[in-house]
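Thanks, everyone. I'll take a few minutes on one model and walk through one sheet, then a ligand shell. Here it is.

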Amino acid sequence: RNFVDMDLDAITKYSALHAKPYGLILQYGTAGFRTKAEHLDHVMFRMGLLAVLRSKQTKSTIGVMVTASHNPEEDNGVKLVDPLGEMLAPSWEEHATCLANAEEQDIQRVLIDIGEKEAVNLQQDAFVVIGRDTRPSSEKLSQSVIDGITILGGQFHDYGLLTTPQLHYMVYCRNTSGQYGKATIEGYYQKLSKAFMELTKQASCCGDEYRTLKVDCANGIGALKLREMEHYFSQGLSVHLFNDGTKGKLNHLCGADFVKSHQKPPEGMEMKSNERCCSFDGDADRIVYYYQDAEGDFHLIDGDKIATLISSFLKELLLEIGESLNIGVVQTAYANGSSTRYLEEVMKVPVYCTKTGVKHLHHKAQEFDIGVYFEANGHGTVLFSKVAEMKIKQLAKELEDNKRKVAKMLENIIDLFNQAAGDAISDMLVTEAILALKGLTIQQWDALYTDLPNRQLKVKVADRQVISTTDAERQAVTPPGLQEAINGLVKKYRLSRAFVRPSGTEDVVRVYAEADSQESADSLAHEVSLAVYRLAGGIGERPQRG
Ligand SMILES: CC(=O)N[C@H]1[C@@H](OP(=O)(O)O)O[C@H](CO)[C@@H](O)[C@@H]1O
Ligand SMILES: [Mg+2]
């Protein structure tokens with residue numbers, strides 16, 4: 001066997017120093033491993049080992065990000081980033097789960113198994129880059145990742161504090177020989193700011209009212225990075241940061257996830273009526289916008305509406321230059337029905353639905369010249385195919401006058417989007433540029449369509465895997481009778497829709513319902529919860545109304 005240069009004794013010795021808590025079983029889920037930080041040391045060490053194998057196999061730089069995004073501060077997590085900045089390949093997710101759950105004495109065998117199954121050439125060099133969020137536990141945990149990398153002889157670069165999408169960007173840059181950008185934090189700031197400044201220079205109407213934005217940073221890494229970056233683009237936009245981590249707790253009563261799920265403003269933000277505001281999540285890969293109107297009513301502008309603004313803008317630009325690149329919008333079942341209807345019927349853009357989790361959306365979006373993908377919760381970006389990029393670059397040179405300007409705009413938009421992952425900073429700058437270029441207020445943007453009232457609930461069951469789904473999670477296949485029950489309930493309401501699925505990040509079944517009024521959406525969600533409780537082995541208290 002070709003495992004001579006794997007120092008098996010050292011692996012055994014160091015594995016014991018990063019011991020696995022007895023009986024702990026974890027799964028590499030939608031967003032990697034996530035649980036209480038105190039249970040993760042062994043996982044970090046082992047993901048360092050795995051990253052080295054993946055790097056050797058792909059002959060590329062691999063990323064490891066230590067974060068638990070919008071989870072409470074006490075949690076942490078880890079995920080691996082594949083060569084083009086995308087999520088880890090599914091077969092390696094299985095290896096990750098296997099390695100994380102192996103007993104200490106089995107680690108060597110599991111590593112050898114993975115090496116053989118994946119035909120890893122151990123002579124190959126390995127290089128891993130690491131990033132981490134601001135959680136108190138993150139620094140020590142990223143040190144354990146480094147232990148794992150070095151034991152297997154891998155080289156590494158520790159970027160320290162980074163947003164998740166910044167780490168994806170670094171990985172992408174490093175594996176495309178700098179063509180995508182410079183793999184440094186300045187490189188990231190410069191690339192995005194340059195594109196943003198050029199776009200806003202072209203904006204005819206950007207009076208002062210359009211140029212300030214309040215940002216709730218969830219007391220997370222987004223605050224640090226936005227502070228560092230702000231002077232690069234301050235000529236075009238001034239940002240006022242709230243929940244910047246100097247006082248409050250990470251994600252506590254603030255951040256994109258809180259705002260989206262509670263449909264109310266974060267604490268710690270001073271909102272005046274009609275002011276444009278946005279929230280990042282804890283690792284700055286999600287963004288939602290919102291404002292409070294003169295009556296004090298709260299208006300949420302979620303990922304669906306961001307996707308709508310972006311795709312209508314891109315479509316207009318393409319029309320102006322007479323270019324027929326195909327645009328597709330990718331959503332999940334959680335997308336508000338009004339957004340899907342507006343995109344399909346008013347904007348005449350094809351819309352596709354995938355399973356929850358950005359890797360599914362990202363994958364689908366790659367099928368188009370221009371693939372716009374967003375989850376309703378604000379995670380998303382736009383992918384431009386190589387063909388689209390080349391065409392637009394060429395047009396920016398060849399066309400004349402106004403058309404040339406438009407092609408240049410598109411060129412800058414390509415640079416402004418993070419092509420590797422959904423990115424709150426990048427999406428914020430794109431949104432701000434579009435609003436300025438179109439001279440739109442947040443109220444006008446909001447008025448594109450009215451969201452259908454909706455409700456999300458969670459139900460605890462003994463084993464959430466008894467629920468299996470099809471049709472991009474919109475239909476339940478098992479347990480028997482559940483889908484029929486849902487169909488019966490949905491019929492009782494107008495403009496209604498409901499579905500259930502097991503969460504990939506929490507031990508719950510998620511219930512979603514929408515209908516013509518908030519009362520109907522609430523009541524439908526409640527009734528569906530009861531059906532889940534009854535037919536899928538609910539535990540604990542029966543779901544209560546309201
Ligand atoms: C309804 C919802 O918002 N689900 C979230 C949540 O997944 P679940 O599988 O629903 O737990 O976390 C994922 C990772 O952050 C995110 O991609 C997804 O959109
Ligand atoms: Mg996140």
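Start with the record. UniProt, in an unreviewed entry, annotates residues 184-288 and 302-439 as "domain: Phosphoacetylglucosamine mutase AMG1". Keep in mind that this is a predicted model.

Take the second of those segments. Residues 302-439 are 58% helix and 14% strand. The C-alpha atoms at the two ends of that stretch sit 20 Å apart.

Now the sheet. Four strands make it up, and it is open. Read across, the order is β12-β11-β13-β14, with mixed pairing. Which strands stand at the edges? They are β12, residues 351-354, and β14, residues 380-384. Each has a single partner strand, so one side of each lacks a neighbour in the sheet. From one strand to the next, the twist averages 20 degrees.

Next, the pairings. β11, residues 327-332, runs parallel to β13, residues 370-374, and four bridges join them. In that pair, Val330 stands opposite Tyr373 of β13. A helix covers this region too: α10, residues 303-320, packs on the sheet. Helix α10 touches β11, β13 and β14. Its direction makes about 165 degrees with that of β13.

On to the other side of β13. β13 and β14 pair antiparallel, over five bridges. Phe374 faces Gly380 of β14 across that pairing. The two strands form a hairpin with five residues between them. Within the hairpin, Gly378 has a positive phi near 100 degrees.

Stay with β14. It is an edge strand. Are its residues buried or exposed? Five of its five residues are buried. In a regular strand, side chains alternate between the two faces of the sheet. Here, Gly380, Val382 and Phe384 point one way from β14. Thr381 and Leu383 point the other way. Both sets are buried.

What comes after that strand? UniProt, again in an unreviewed entry, places a "coiled-coil region" at residues 385-416. In the model, that stretch is 91% helix and 0% strand. Its end C-alpha atoms are 15 Å apart.

Last, ligand 1. How many residues are around it? There are 15, and Ala31, Asn377, Ser503, Gly504 and Thr505 come nearest. By class, the shell has nine polar, three charged and three nonpolar residues.

That's the tour. Over to you for questions.

Key. Residues numbered from 1 in each chain as written. Chains lettered and ligands numbered in written order. Predicted model: local features only at pLDDT ≥ 70, side-chain atom pairs only at ≥ 80, totals over all residues. Pairing = 2+ DSSP bridges. Axes fitted to C-alpha atoms, helices over the stretch in contact; angles between N-to-C directions. Contact = placed C-beta atoms within 7 Å. Buried ≥ 20, exposed ≤ 12 C-beta atoms within 10 Å, placed from the backbone. Near = placed C-beta within 6 Å. Nonpolar A, V, L, I, M, F, W, Y, C, P; charged D, E, K, R; others polar. UniProt positions renumbered as here; feature names shortened; annotations may be inferred.
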